[in-house]
Amino acid sequence: MRRGLCLALLLACAISAAAAPVASGSHATETLAALRARLPEDEIVYLVMPDRFWNGDRRNDRGGMSGNRSKTGFDPRDKAFYHGGDIKGVIDKLDYIQGLGATAIWLTPVFRNKAVQSLDGNESAGYHGYWGLDFTDVDPHLGTKADYKAFVDAAHARGMKVYFDLVVNHTADVIQYRECAGTACSYRARADFPYVRSAASGEAINAGFLGDEAPHLDARNFTRLTRADYAYTPYVPEAEKHAKKPDWLNDPIYYHNRGESTFAGESSQFGDFFGLDDVFTENPRVVQGFIDIYSQWIDDFGLDGFRIDTARHVNPEFWQAFVPAMLARAKANGIANFHIFGEVMEFSPAMLARHTRVDGLPAVNDFALQGALVDAIAKDGATDRIAEVFAADVLYEGGEKTAARLATLTGNHDVKRFAHAVREARPDAPADEVLRRVRLAHAVILFARGVPVLYYGDEQGFTGAGSSDQDSREDMFASQVQSFRAAERLGTVSSVDSDHFDTTHSLYRDIAEMVHVRRQEEALRRGRQLTRLSGDKPGLLAISRISSSGDEVLAVFNTSANAISARLSVEPMSVRWRALHGACTPRSAATGSYAVQVPALDFVVCKAAGSDSPEQ
């Protein structure tokens, strides 16, 4: 009862602070300055898919279009179409987001998308934001630029950062190929279909063009690339001649035009991504074009960071030019701690680290840790799996300093929710056990190194309606999608006919408590990390976080179904302890040795509070 009362008071204070009047005048300037001074590792990011969050303006549900769903993209009964959420809806729910403890908000892309596309006869809509058509404006289904400006300003007034989700790898599917109109075209490799010969006629073309690899990625070489029919014969349908913005994006010469990616070999970089037009990012005109586009978004809205979609499918030289340009533009706007992290869907730390060393990405999504959490917590694997990920932090460019800025996650809009991974591994487990495993996974990302990214709906017990990405994109408002309505929900479950913004939900409250602990402790945000214990089976994973002043915080996670007692190595000057979460022994057993007792599928967080000599 005492813990419950303290937590209730904590949450009440957090929500009250979130609902307080926003800063204005000199106070707004001070709030923004304080926000800009925070390091990326200080943030707790909340990831929102606006279309699925809250409908703040029903007038834009169809994006200003008329007709059936094939025209407007709107069908709230189908998980593959727009459901009506928008930017005003996110503004409406800022109290809820801030009450959870989030300090930054990442929205999936907000620029104008192609409303509806068809691949292999399967029609779906661009509700998610990754089918860019106009990279200079906001999708009318989500609102307007004025709405987006109001959102950024409202977040900043609360001391919350805004991360912009950007795409350069591809655009919406507009370009067609004459050889396979209406069907997916198989990938045609560079060796088989070189740039200097037309696939259609066999004639010599693009005389003197030296290809798409360094050291030939200069304007002079690309002036020789004048025809795009080397692999297929691309064309833009008359009705879409100027569909993309800026207008240079409408020219097929700025795309690879080699057919569908197999996500293996060179096709991963040069192939069309599920039919989407794959941009020729090796071309210096394209590089400068995207620098101009995204510099303008920084200038216009004072953004605080970028999440980069499909980063691993773009050539390294692009990022080597783009990232410094973005950091410089942000700095020119007074944004010194601009946070950039790329989506690299790799589950090996070495492969993730490569993109920081070769591409020059400042950070990436830590899918290696996400995969290890699934193995160790959802699937009852070895805790060594998680420790091995941490041991590889030295591989990143900048080593552990860069690892501290990786975006850590338990799941997101591109992979199954963590709860679904648990349920797949343990179909007969009681719902409370699934919830405890979800809570434990969140505890790891909130107390370990990295920048935690909380995925909307996890705090409401969402489990995902299946294993596909669309199944993990449920509605926070009352859904009309039958699979969403039928999906399991953990914890205190509200009616499927109501919205899901319950601040008394057990996961919301537990995550808010953990976030509060992290935000109060410098060691948990910025501290050096040491692995104290892990094993080759379910059991304890123990880490210490040590601040610049030497304060030690010990976090111990028990992934097994049984309570465990153990002694752990700690810093020799860490003698007296106090509990930040759970029950902590008040004193070390001996110099450098600390005893813990951790309940099943639970965790404790203990902070060293003094350095007088322990009893020997």
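The exercises below, each with a worked solution, concern the cavities, the largest pocket and some single residues of a predicted model.

Residues are numbered from 1 along each chain as its sequence is written, and side-chain values use heavy atoms, with hydrogens and water left out. Because the model is predicted, local features need pLDDT of at least 70 and side-chain atom pairs count only at pLDDT 80 or more, whereas totals for chains, interfaces and linings use all residues.

**Exercise 1. Find how many cavities of 30 Å³ or more there are, and describe the lining of the second largest cavity.**

Step one is to fix the terms: on a 1 Å grid over the protein atoms alone, a cavity is a set of points where a 1.4 Å probe fits but cannot get out, a pocket is an open set with protein on both sides within 12 Å along at least five of seven lines, and lining residues have an atom within 4 Å of a point. Grid points are joined across faces, edges and corners, and a volume is the space filled by probe spheres set on the points.

Step two is the count, which comes to 2 cavities of 30 Å³ or more. The largest cavity holds about 140 Å³, and the second largest cavity about 50 Å³.

Step three is the lining of the second largest cavity, which includes Thr 410, Arg 417, His 442, Asp 458 and Leu 507. Helix 15 (418-425) and helix 16 (431-447) each supply at least two of its lining residues, where helices (H or I, at least four residues) and strands (E, at least two) are DSSP runs, numbered from the N terminus.

Step four sorts this lining into 6 nonpolar, 3 polar and 2 charged residues, with Ala, Val, Leu, Ile, Met, Phe, Trp, Tyr, Cys and Pro counted as nonpolar, Asp, Glu, Lys and Arg as charged, and the others, Gly among them, as polar.

**Exercise 2. State which residues lie nearest the centre of the largest pocket, and which strand gives the most to its lining.**

The largest pocket, with about 820 Å³ of space, is lined by 28 residues, of which Phe 273, Phe 274, Asp 414, Asp 469 and Arg 473 lie nearest its centre. Turning to the elements, those that give two or more residues to this lining are strand 4 (116-119) and strand 5 (122-125), and strand 5 gives the most, with 4 residues. By class, the lining of the largest pocket has 11 nonpolar, 9 polar and 8 charged residues.

**Exercise 3. Describe the surroundings of Lys 93, and say what its nearest side chain of opposite charge is.**

Begin with the position: Lys 93 is found in the loop between helix 4 (87-92) and helix 5 (94-99). Lys 93 is buried, that is, under 20% relative accessible area, while exposed means over 50% and partly exposed in between (1.4 Å probe, protein chains only).

Next look for a partner: the nearest side chain of opposite charge, Asp 499, is 5.0 Å away, and Lys 93 has no salt bridge, a term for a side-chain nitrogen of Lys or Arg within 4 Å of a carboxyl oxygen of Asp or Glu. Leaving aside its neighbours within four places in sequence, Lys 93 is in contact (heavy atoms within 4.5 Å) with Phe 53, Trp 54 and Phe 501.

**Exercise 4. Decide whether Asn 257 is buried or exposed, and examine its phi.**

Asn 257 lies in the loop between strand 10 and helix 8, and its phi is near 55°, a positive value in a residue other than glycine. Its relative accessible area is 1%, so Asn 257 is buried.

Key: Lys and Arg count as positive and Asp and Glu as negative; His and the chain ends are not counted.
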